[in-house]
Amino acid sequence: ALVRASAVEALSKLARPELHAQLLAALEDPSADVRREAIVGTHRFAGSDAGPGDGTAAAFDRALVAQLELEAGDNVWYTLFALQRRRAEAAREAFHAYARSREPLERLFATRGLGRIEPRGEDVAVLLRLVRDGDERVAAEAFVALGRHTGADVLAAAKRGVEHDDSHVSR
(Lines give C-alpha, C1' and ligand atoms only; values in the text may rest on other atoms or scores of the structure.)
Protein backbone atom coordinates (compact mmCIF):
# COMPACT_ATOMS: atom_id res chain seq x y z
CA ALA A 1 0.00 0.00 0.00
CA LEU A 2 2.89 2.37 0.74
CA VAL A 3 4.26 2.01 -2.79
CA ARG A 4 0.78 2.57 -4.29
CA ALA A 5 0.27 5.63 -2.08
CA SER A 6 3.61 7.07 -3.18
CA ALA A 7 2.76 6.40 -6.82
CA VAL A 8 -0.59 8.17 -6.46
CA GLU A 9 1.08 11.14 -4.78
CA ALA A 10 3.58 11.40 -7.65
CA LEU A 11 0.81 11.02 -10.22
CA SER A 12 -1.14 13.87 -8.64
CA LYS A 13 1.84 16.19 -9.01
CA LEU A 14 2.00 15.72 -12.77
CA ALA A 15 -0.03 18.34 -14.61
CA ARG A 16 -1.17 15.91 -17.28
CA PRO A 17 -4.93 15.64 -17.86
CA GLU A 18 -4.59 12.14 -19.31
CA LEU A 19 -3.67 10.93 -15.80
CA HIS A 20 -6.81 12.28 -14.12
CA ALA A 21 -8.76 9.05 -14.64
CA GLN A 22 -6.08 7.13 -12.75
CA LEU A 23 -6.31 9.58 -9.87
CA LEU A 24 -10.09 9.12 -9.74
CA ALA A 25 -9.64 5.34 -9.85
CA ALA A 26 -7.30 5.52 -6.85
CA LEU A 27 -10.25 6.80 -4.78
CA GLU A 28 -11.53 3.21 -4.89
CA ASP A 29 -8.33 1.61 -3.59
CA PRO A 30 -8.82 -0.64 -0.54
CA SER A 31 -6.02 1.18 1.32
CA ALA A 32 -7.01 4.32 3.24
CA ASP A 33 -3.47 5.66 2.67
CA VAL A 34 -3.78 5.35 -1.11
CA ARG A 35 -7.23 6.95 -1.07
CA ARG A 36 -5.86 9.79 1.09
CA GLU A 37 -3.17 10.55 -1.50
CA ALA A 38 -5.79 10.54 -4.26
CA ILE A 39 -8.09 12.77 -2.21
CA VAL A 40 -5.37 15.30 -1.43
CA GLY A 41 -4.01 15.10 -4.96
CA THR A 42 -7.27 16.31 -6.50
CA HIS A 43 -6.82 19.78 -5.03
CA ARG A 44 -3.90 20.26 -7.41
CA PHE A 45 -6.36 20.17 -10.33
CA ALA A 46 -8.83 22.84 -9.27
CA GLY A 47 -10.88 24.78 -11.80
CA SER A 48 -9.33 25.30 -15.22
CA ASP A 49 -6.28 23.24 -14.27
CA ALA A 50 -8.42 20.15 -14.73
CA GLY A 51 -8.34 20.51 -18.49
CA PRO A 52 -10.09 22.75 -21.00
CA GLY A 53 -13.75 21.82 -20.95
CA ASP A 54 -13.16 18.14 -20.32
CA GLY A 55 -15.47 17.98 -17.29
CA THR A 56 -12.74 16.63 -15.03
CA ALA A 57 -13.13 19.40 -12.44
CA ALA A 58 -16.80 18.53 -11.97
CA ALA A 59 -15.95 14.81 -11.93
CA PHE A 60 -13.38 15.37 -9.18
CA ASP A 61 -15.87 17.44 -7.17
CA ARG A 62 -18.65 14.84 -7.50
CA ALA A 63 -16.28 12.00 -6.64
CA LEU A 64 -14.98 13.77 -3.53
CA VAL A 65 -18.48 14.59 -2.28
CA ALA A 66 -19.42 10.92 -2.75
CA GLN A 67 -16.17 9.92 -1.03
CA LEU A 68 -17.31 11.65 2.17
CA GLU A 69 -19.91 8.89 2.60
CA LEU A 70 -17.25 6.19 2.28
CA GLU A 71 -14.41 7.56 4.36
CA ALA A 72 -13.78 7.56 8.10
CA GLY A 73 -11.27 9.14 10.44
CA ASP A 74 -8.73 11.56 9.06
CA ASN A 75 -9.72 10.87 5.45
CA VAL A 76 -12.96 12.77 6.09
CA TRP A 77 -11.19 16.02 6.90
CA TYR A 78 -8.67 15.40 4.12
CA THR A 79 -11.63 15.19 1.74
CA LEU A 80 -13.13 18.41 3.10
CA PHE A 81 -9.68 20.01 2.76
CA ALA A 82 -9.50 19.02 -0.91
CA LEU A 83 -13.06 20.21 -1.58
CA GLN A 84 -12.46 23.62 -0.03
CA ARG A 85 -9.18 24.01 -1.92
CA ARG A 86 -11.03 23.13 -5.12
CA ARG A 87 -13.73 25.73 -4.30
CA ALA A 88 -16.22 22.97 -4.99
CA GLU A 89 -19.73 24.41 -5.29
CA ALA A 90 -20.98 20.81 -5.40
CA ALA A 91 -19.88 20.45 -1.77
CA ARG A 92 -22.12 23.20 -0.30
CA GLU A 93 -24.50 20.73 1.39
CA ALA A 94 -21.55 18.70 2.69
CA PHE A 95 -19.94 21.87 4.05
CA HIS A 96 -23.20 22.67 5.85
CA ALA A 97 -23.43 19.15 7.27
CA TYR A 98 -19.82 18.91 8.41
CA ALA A 99 -19.98 22.37 9.96
CA ARG A 100 -21.88 20.51 12.72
CA SER A 101 -19.29 17.76 13.12
CA ARG A 102 -17.84 16.90 16.50
CA GLU A 103 -14.38 16.89 14.90
CA PRO A 104 -12.69 20.31 14.87
CA LEU A 105 -10.75 19.73 11.63
CA GLU A 106 -13.93 18.68 9.84
CA ARG A 107 -15.64 21.88 11.04
CA LEU A 108 -12.58 23.93 10.11
CA PHE A 109 -12.41 22.76 6.50
CA ALA A 110 -16.20 22.86 6.09
CA THR A 111 -16.11 26.48 7.27
CA ARG A 112 -13.26 27.33 4.93
CA GLY A 113 -15.21 25.68 2.15
CA LEU A 114 -18.19 27.94 2.76
CA GLY A 115 -15.84 30.90 2.60
CA ARG A 116 -14.33 29.84 -0.71
CA ILE A 117 -17.46 29.15 -2.75
CA GLU A 118 -19.96 31.65 -4.09
CA PRO A 119 -21.82 33.14 -1.08
CA ARG A 120 -25.50 32.29 -0.70
CA GLY A 121 -28.03 33.40 1.86
CA GLU A 122 -28.43 29.93 3.38
CA ASP A 123 -24.75 29.97 4.36
CA VAL A 124 -25.16 32.95 6.71
CA ALA A 125 -27.02 31.08 9.47
CA VAL A 126 -24.39 28.32 9.44
CA LEU A 127 -21.54 30.84 9.60
CA LEU A 128 -23.22 32.89 12.33
CA ARG A 129 -23.35 29.74 14.47
CA LEU A 130 -19.72 28.94 13.69
CA VAL A 131 -18.42 32.33 14.87
CA ARG A 132 -19.29 31.06 18.35
CA ASP A 133 -17.43 27.77 17.87
CA GLY A 134 -15.25 26.65 20.77
CA ASP A 135 -12.31 26.12 18.42
CA GLU A 136 -10.82 29.53 17.67
CA ARG A 137 -9.61 28.37 14.24
CA VAL A 138 -13.16 27.56 13.22
CA ALA A 139 -14.48 30.86 14.63
CA ALA A 140 -11.77 32.82 12.79
CA GLU A 141 -12.57 31.10 9.49
CA ALA A 142 -16.28 31.76 10.01
CA PHE A 143 -15.59 35.48 10.41
CA VAL A 144 -13.48 35.45 7.25
CA ALA A 145 -16.27 33.68 5.35
CA LEU A 146 -18.88 36.10 6.66
CA GLY A 147 -16.85 38.90 5.11
CA ARG A 148 -18.24 37.84 1.73
CA HIS A 149 -21.83 38.37 2.89
CA THR A 150 -23.93 41.43 3.67
CA GLY A 151 -26.73 42.24 6.11
CA ALA A 152 -27.32 43.58 9.61
CA ASP A 153 -26.77 40.18 11.25
CA VAL A 154 -23.43 39.84 9.46
CA LEU A 155 -22.41 43.34 10.58
CA ALA A 156 -23.33 42.54 14.19
CA ALA A 157 -21.28 39.33 14.01
CA ALA A 158 -18.32 41.25 12.60
CA LYS A 159 -18.47 43.61 15.56
CA ARG A 160 -18.42 40.62 17.93
CA GLY A 161 -15.42 39.28 16.03
CA VAL A 162 -13.42 42.44 16.57
CA GLU A 163 -14.19 42.19 20.29
CA HIS A 164 -13.47 38.44 20.49
CA ASP A 165 -11.31 37.26 23.41
CA ASP A 166 -8.99 35.25 21.19
CA SER A 167 -6.45 37.35 19.29
CA HIS A 168 -6.48 34.92 16.36
CA VAL A 169 -10.15 35.64 15.86
CA SER A 170 -10.17 39.39 16.52
CA ARG A 171 -7.44 40.20 13.98
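# A walk through an all-helix model

Start with the whole chain on screen: the secondary structure comes to 11 helices and 0 strands. Bear in mind as you go that this is a predicted model. Read along the sequence, the pattern is α-α-α-α-α-α-α-α-α-α-α. Colour by accessibility next, and you'll find that buried residues make up 47% of the 171 residues. If you draw the contacts with a separation of 6 or more, 61% of them turn out to join residues 24 or more positions apart.

**Stop one: the aromatic cluster**

Select W77, Y78, F81 and F109, which ring pairs link into a cluster. How many aromatic pairs does the structure hold? The count is 3. Zoom in on W77 and F109 to begin with: their ring centres are 5.6 Å apart and their planes sit at 15 degrees, so this pair is stacked. W77 belongs to helix 5 (residues 74–85) and F109 to helix 7, with their positions 32 residues apart, so to speak, as a link between distant parts of the chain. Buried or exposed, these two? Both W77 and F109 are buried.

Keep F109 selected and swap W77 for F81. The ring centres of F81 and F109 are 5.5 Å apart, but here the planes stand at 80 degrees, so the pair is edge-to-face; the cut-off for that label is over 60. With F81 in helix 5 and F109 in helix 7, the pair ties together parts that are 28 residues apart in sequence. F81 is buried, just as F109 is.

**Stop two: helix 7 against helix 9**

Stay with helix 7 (residues 104–116) and bring up helix 9 (residues 136–146) as well. Their axes are 8 Å apart and cross at an angle of about 10 degrees. That makes helix 7 and helix 9 roughly parallel to each other, since angles under 35 degrees count as such. To see who makes the contact, show side chains for P104, L105, R107, L108, T111, R112, L114 and G115 on helix 7, and for R137, V138, E141, A142 and A145 on helix 9. Colour that set by class and you get 7 nonpolar, 2 polar and 4 charged residues.

While helix 9 is still up, click on L146, which is found in this helix. L146 is buried, with a relative accessible area of 3%. Now measure across to L128: the two are 18 residues apart in sequence, and their C-alpha atoms are 7.8 Å apart in space.

**Stop three: T42 in its loop**

Jump to T42, in the loop between helix 3 (32–41) and helix 4 (56–70). Loop or not, T42 has 0% relative accessibility and therefore counts as buried. Which backbone oxygen does its side chain reach? The T42 side chain reaches that of I39, at 2.7 Å. Leaving out residues up to four places away in sequence, T42 touches L23, F60, L64, A82 and R86.

**Last stop: R87**

Finish on R87, in the loop between helix 5 and helix 6 (92–98). Check the backbone here: most residues other than glycine have a negative phi. R87 has a positive one, near 55 degrees, and is not a glycine. At 46% relative accessibility, R87 counts as partly exposed, because that class lies between 20% and 50%.

How values were computed. Residues numbered from 1 in each chain as written. Predicted model: local features only at pLDDT ≥ 70, side-chain atom pairs only at ≥ 80, totals over all residues. Heavy atoms only, no water. Helix = DSSP H or I, 4+ residues; strand = E, 2+ residues; numbered from the N terminus. Buried < 20%, exposed > 50% of the residue type's maximum accessible area, 1.4 Å probe, protein only. Polar contact = N/O pair within 3.5 Å; in protein donor to acceptor, adjacent residues only side chain to side chain. Contact = heavy atoms within 4.5 Å. Axes fitted to C-alpha atoms, helices over the stretch in contact; angles between N-to-C directions. Parallel < 35°, antiparallel > 145°, perpendicular 65-115°, else oblique. Nonpolar A, V, L, I, M, F, W, Y, C, P; charged D, E, K, R; others polar. Phe/Tyr/Trp six-rings, centres within 6.5 Å; stacked < 30°, edge-to-face > 60°.
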